[in-house]
Amino acid sequence: MKSVFLGLFTAVIALFAYLLLWPVPVAPASWDAPEDLGFTGIFTPNTDLADLSMIDLTPHHGAEDVVAMSDGRLLASTQDGYILLIDPAQETVDMLAETGGVPLGLEIDTTTGRLLVADAYRGLLSVGIDGSVEVLTDRVEGSPILYADDLDIADDGVIYFSDASTKFGAAASASTLDASLLEILEGVGTGRLLAYDPTSQETRIVAAGHVFANGVAMAPDGDVLMLETGRYRLLKIDPDTGDQSVLIDNLPGFPDNINHGPIVDGVGPTYFIGLASPRAAFLDGNSDKPWLRALAMRMPKAFQPKPQAYGVVFQIGADGTILRTWQDPNGAYPTTTGAVFVRSETLGDRIYITALQPTTLGYRPYP
């Protein structure tokens, strides 16, 4: 009996030692998370994102971003490494290119006619309509770009794009989702906003220190709008000085993409933003307990924080005013990254809903 108790005692000590001392990839920082107000006010739940029409992308999945071509066809990036060419009228899907990585944010360069791609594994890419793939930049000031995420093009042709994490690379972490969870769980802030000048072919750091730098879009005044996913906010950044201000704070979920929307009377230019998941009570409740967040990394993966199935996209004005939301509380179309507005004389105004996991591209009429 004594040996049994000794064995149990030893096992308990070993378990506690493992939970407290076993090395983990994160070194969490303490911070004060704002109170999660949940889905209240303008975010009061609705079902406007339920019962979407769908374009089947099988066998591909995770249409992270979409852009419309001048002829009405769509280009979509997928989590399995492809750029798809979609005819929304016929709902046909063809493969345009395989990037050799994981393409995320997309924009069409109207000067060259090529597609610009933020590829999480490879950096900033240029893709031709013939399927050719060119790496524009994968390093900045001597450091590798480990997680290119989203981009937009300024009036002067400079490309601004986010490098979501300089510690947890998407390729090294085996997936974009795993890398994002590590960066957010750690909470130190290694993400940054970068700028690439096609004329000089130089890349520079505009601003740094962000907890998962994500969606990027140009503001009407020439500043850069960038979502900081791990801090639940939208930033406005001066591209020359790197100075930043908070345009929207304390969102009820993890913001992902930001895309240009239509001009609305009385508001002006608008933008669409997606929430990939509601906020996690564990992360907020233990924002000031880094040791406990590190302990979570020693638990089986099934017990670690993970995205919740709840679809949300919302529309804002250029001043940060939230105009309306589209939601799916049942999470039938989960991990929504954003919405892309497309005007068509034949199909009518639509928003295409991008997401990380589905094997379909959802859409609905706008508004």
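Me: Ala, Val, Leu, Ile, Met, Phe, Trp, Tyr, Cys and Pro count as nonpolar, Asp, Glu, Lys and Arg as charged, and the others, Gly among them, as polar. With that scheme in hand, what is the make-up by class of the lining of the largest pocket?

Reply: In this predicted model, the lining of the largest pocket holds 18 nonpolar, 8 polar and 6 charged residues. The pocket itself encloses about 540 Å³ of space, and of the 32 residues that line it, Leu 177, Ser 180, Leu 181, Ile 184 and Pro 307 are the closest to its centre. Helix H2 (176–186), strand S20 (253–260) and strand S21 (270–278) are the elements that each give two or more residues to this lining, and the largest share, 8 residues, comes from H2.

Me: What makes H2 an enclosed helix rather than an open one?

Reply: A residue is called buried when its relative accessible area is under 20%, and 8 of the 11 residues of H2 meet that description, so the helix is largely enclosed by the rest of the structure. The buried residues are Thr 176, Ala 179, Ser 180, Leu 182, Glu 183, Ile 184, Leu 185 and Glu 186. Their cover includes S6, strand S14 (191–197), strand S15 (202–210), S20, helix H3 (281–285) and H4. After H2 comes Gly 187, which has a positive phi near 75 degrees.

Me: Which residues lie nearest the centre of the second largest pocket, and how many residues line it?

Reply: Val 67, Ala 68, Glu 107, Ile 108 and His 260 lie nearest its centre, out of 18 lining residues. Strand S2 (66–68), strand S6 (103–108), strand S12 (148–153), S20 and strand S24 (336–342) each contribute two or more residues to that lining. The space in this second largest pocket comes to about 450 Å³, and its lining has 11 nonpolar, 3 polar and 4 charged residues.

Me: Why is the aromatic pair of Phe 39 and Tyr 310 given the name it has, stacked, edge-to-face or tilted?

Reply: Rings pair if their centres lie within 6.5 Å, and planes under 30 degrees apart count as stacked. For Phe 39 and Tyr 310 the centres are 4.5 Å apart and the planes make 10 degrees, and the pair is therefore stacked. Phe 39 sits in the loop between helix H1 (2–21) and strand S1 (53–56), and Tyr 310 in the loop between helix H4 (290–296) and strand S22 (311–317), so the pair ties together parts that are 271 residues apart in sequence. Tyr 310 has a relative accessible area of 11% and is buried. Ring pairs also join Phe 39, Phe 43, Tyr 310 and Phe 314 into a cluster.

Me: And what sort of pair do Tyr 352 and Tyr 363 form?

Reply: Planes between the stacked and edge-to-face limits of 30 and 60 degrees count as tilted, and with 45 degrees between the planes and 5.6 Å centre to centre, Tyr 352 and Tyr 363 form a tilted pair. Tyr 352 is in strand S25 (residues 350–355) and Tyr 363 in strand S26 (residues 360–365), 11 residues apart. Their relative accessibilities are 1% for Tyr 352 and 10% for Tyr 363, so each of these tyrosines counts as buried.

Me: How do you know whether Glu 64 is buried or exposed?

Reply: The relative accessible area of Glu 64 is 2%, against a limit of under 20%, so Glu 64 is buried. Glu 64 lies in the loop between S1 and S2, and, leaving aside neighbours within four places in sequence, its contacts include Gln 79, Asp 149, Asp 256 and Thr 354.

Me: Glu 141 and Tyr 232 both have a positive phi without being glycines; which is buried and which is exposed?

Reply: Glu 141, with a phi of about 50 degrees, has a relative accessible area of 59%, and since exposed means over 50%, Glu 141 is exposed. Tyr 232, with a phi of about 60 degrees, has 1% and is buried. Glu 141 is in the loop between strand S10 (139–140) and strand S11 (143–144), while Tyr 232 is in the loop between strand S17 (224–228) and strand S18 (233–237). Tyr 232 is also one of the contacts of Trp 31, which is itself buried at 16%.

Me: What is the confidence in the chain, and where is it below 50?

Reply: The mean pLDDT is 93, and 93% of the residues reach 70 or more, but over residues 14–21 the pLDDT is below 50. Where pLDDT is low, the predicted coordinates should not be read in detail.

Note on methods:
Residues numbered from 1 in each chain as written. Predicted model: local features only at pLDDT ≥ 70, side-chain atom pairs only at ≥ 80, totals over all residues. Heavy atoms only, no water. 1 Å grid on protein atoms, 1.4 Å probe; cavity = no way out; pocket = protein on both sides within 12 Å on 5 of 7 lines; lining within 4 Å. Points joined across faces, edges and corners; volume = space filled by probe spheres on them. Helix = DSSP H or I, 4+ residues; strand = E, 2+ residues; numbered from the N terminus. pLDDT = per-residue confidence, 0-100. Contact = heavy atoms within 4.5 Å. Phe/Tyr/Trp six-rings, centres within 6.5 Å; stacked < 30°, edge-to-face > 60°. Buried < 20%, exposed > 50% of the residue type's maximum accessible area, 1.4 Å probe, protein only.
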